[in-house]
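Here are some short exercises for you to work through at your own pace. Keep the viewer open and try each task before reading its solution.

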Amino acid sequence: MAVEALGATVVVSSQRRRDGKWLWVLPPLLVIAVLVVYPLVLVAIESIPAWGDVVGSAEFRDALVRTVQIAVSSTVGCLIVGTFLAVVISFVPFPGARVVAGLVDTMLALPSFLVALSFTFIYGTTGILRAGGFLTSPWAVVLAEVTFYTPFVMRPLLAAMSRLPQAQLDVAASLGAGPWRVLRQVVLPEVRPALVAGGSLTLLLTLNEFGIVLFLGAKGTTTLPMLVHTKGIVMFDYPGACVIAVVQIALSLGLYAVLRMALGGRRARLD
Amino acid sequence: MLVWTRTGKAVVWIAFALVFGLLVLLPFLVVIAAAFAGSWNGVLPSDPTGDHLRQALSGDELASLSVSLQTAFMGGLLAVVIGTWGAMAAYGSRFARVADAMHHLPIAVPSVVVGLGLLVAFSRQPVLLNGTKWIVVIAHLVLMVAFSYGTVAAALQRVDPSYADVAASLGASPARVLWRVRLPMLLPAISSAAGLSVALSMGEVGATIMVYPASWRTLPVSIFALTDRGQTFVAAAEAVVLLATTVVLVVILDRLRGRAVER
């Protein structure tokens, strides 16, 4: 009887502890709800009257196509460059390779507009290459994004490659496989999840990229985030800006959801 | 080892040096070189000068540095508290998925949209913040919470929960377990979250440019204003100030972590 009573209190107390535990989640969630969810709901409400005007405009359609174009081209570029750099650091190591890997880590925290700023010196009308026309073309944005986001692809790749046993490569080579074949049939299949994770994160970030486009002067190149800024801040057209914001959210959240499902619930994130 | 021949290796390394050097590294070096150049009309910068840097550290530009530091500390450190709290509370609870999704929302949404939302929401009753510095701080807070949450949540996966259980079974109160066991075990992650938050906050431009009032201009906004006016060399100098400050802050936060682990 006493033992039963004891058991009962233990169950009750542990249950109460578990019941109380979820309450701790509420304060941070409340902060997010007030500072993120509530504003986004208001953005959606505010956008309602302007949908017809904005969606019909050529400006919006051009920006939508441009945004996707730039994001996809940049991501493909990052995947190619990032894979090459990561393969060399991991499997054709040279003295100082670790320093380079450390440098890559640091670059993740730098602001993207630095790259755009440097482009004015490299490609500007009075700069190193004097390719003034290039600077205002969408390809300048793509090149800047490849520069800035390649480390985001390299980081998961380097982590995955460091877990790949070297012996596996050596055996393949000793059985007569050339470097290309080892790369294609041994390395790439092993690091595919990292490639997918890094690539999808990069696609999401390039869709949302703003600093680079802003600093390169959006003369010839207007993307959706840029249009949100122009409409909202320069033209004071809040409803119009809100429509574009909703489209942008749908685009990036839709993509994020699809990618998360495709990755089997694994999260694509910075660490 | 993937490439075995000497020439093969040499070719690969040269290709690596070209791609990494020209594509990834060069842009950052160019900004630093431009900060100290009087003019740049050829392949190499000319007329070395410290004037741009002096200009970047005086008047309005210096005020921007102070604004950025204050914003990074208020927004970033609050974000670390909220992100850590959220990650620890959500870990293993039935709301883990909801909390996860909500904390990652600010990353999935473009920062410009986060800014627009704050502008729309806090330019009206009941809370009027538009035109004050608090709307900038809130924008930074919101964006950095996501990164702090992610860093601490990832660390929680690697921390052995049995230490906390043992402490509790030995009679330590939940508050004591939290303060003496759970938080110290997460300290490396918390301090790297702080470093990341401060660094990202110093360079944040998308949300800030949507919400900043004239009296609260952060460094990136000033740098943009300078490039917009064609003063690219002063802009480069100010970017160097931004980089140097960020590196110093991150190194200090990293040192704190080192000391905490030794103790």
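The exercises below go from one chain to the contact between chains, and end with a single residue; please keep in mind that the model is predicted.

**Exercise 1. Describe the fold of chain B: how many helices and strands are there, and in which pattern do they follow each other?**

Step 1. Start with the secondary structure: chain B holds eleven helices and two strands.

Step 2. Put these elements in sequence order, and the pattern reads α-β-β-α-α-α-α-α-α-α-α-α-α.

Step 3. Now look at the overall extent. Along the principal axes, the C-alpha atoms of chain B fill a box of roughly 70 × 70 × 35 Å.

Step 4. Finish with burial and contacts. Of the 263 residues in chain B, 47% are buried. Taking contacts in chain B between residues at least 6 apart in sequence, 72% join residues at least 24 apart.

**Exercise 2. Set the UniProt annotation beside the model: what is the helix content of the annotated stretches?**

Step 1. Take the domain. The unreviewed UniProt entry places "ABC transmembrane type-1" at residues 65-253 of chain B. In the model this stretch is 80% helix and 0% strand, and its end C-alpha atoms are 19 Å apart.

Step 2. Go on to the transmembrane regions of chain B, where the UniProt list (unreviewed entry) includes residues 134-156 and 186-212. Residues 134-156 of chain B are 100% helix, with end C-alpha atoms 31 Å apart. Residues 186-212 of chain B are 89% helix, and their end C-alpha atoms are 34 Å apart.

Step 3. Do the same for chain A, where residues 68-92 and 135-154 are among the transmembrane regions listed by UniProt (unreviewed entry). Residues 68-92 of chain A come out as 96% helix, with 35 Å between the end C-alpha atoms. For residues 135-154 of chain A the values are 90% helix and 26 Å.

**Exercise 3. Find where chain A touches chain B: which helix of chain A gives the most residues to that side?**

Step 1. Count the contacts: 73 residues of chain A are in contact with 66 residues of chain B.

Step 2. Look for the leading element. Helix H2 (residues 26-47) of chain A gives the most to the side that touches chain B, with 13 residues.

Step 3. Sort that side of chain A by class, and you get 56 nonpolar, twelve polar and five charged residues.

**Exercise 4. Characterise the packing of H2(A) against H4(B): what are the angle and the distance between the axes?**

Step 1. Recall the two quantities to use: packed helices are described by the angle between their axes and the distance between the axes.

Step 2. Read them off. H2(A) and helix H4 (residues 96-108) of chain B pack at an angle of about 40°, with axes 10 Å apart. The pair is therefore oblique.

Step 3. Add the handedness: H2(A) and H4(B) cross in a left-handed way.

Step 4. Name the residues that meet. From H2(A) come A:Leu29, A:Ile32 and A:Val36, and from H4(B) come B:Ala99, B:Met102, B:His103, B:Leu105 and B:Pro106. By class, this contact has seven nonpolar residues, one polar and no charged ones.

**Exercise 5. Classify A:Tyr123: is this residue buried or exposed?**

Step 1. Locate the residue: A:Tyr123 lies in the loop between helix H6 (113-122) and helix H7 (132-135) of chain A.

Step 2. Apply the cut-off of 20 or more C-beta atoms within 10 Å. A:Tyr123 has 22 C-beta neighbours inside 10 Å, so the residue counts as buried.

Step 3. Check one distance. A:Gly133 is ten residues away from A:Tyr123 along the chain, and their C-alpha atoms are separated by 8.5 Å.

Note on methods:
Residues numbered from 1 in each chain as written. Chains lettered and ligands numbered in written order. Predicted model: local features only at pLDDT ≥ 70, side-chain atom pairs only at ≥ 80, totals over all residues. UniProt positions renumbered as here; feature names shortened; annotations may be inferred. Helix = DSSP H or I, 4+ residues; strand = E, 2+ residues; numbered from the N terminus. Contact = placed C-beta atoms within 7 Å. Nonpolar A, V, L, I, M, F, W, Y, C, P; charged D, E, K, R; others polar. Axes fitted to C-alpha atoms, helices over the stretch in contact; angles between N-to-C directions. Parallel < 35°, antiparallel > 145°, perpendicular 65-115°, else oblique. Left-handed = near helix turned anticlockwise from the far one by under 90°. Buried ≥ 20, exposed ≤ 12 C-beta atoms within 10 Å, placed from the backbone.
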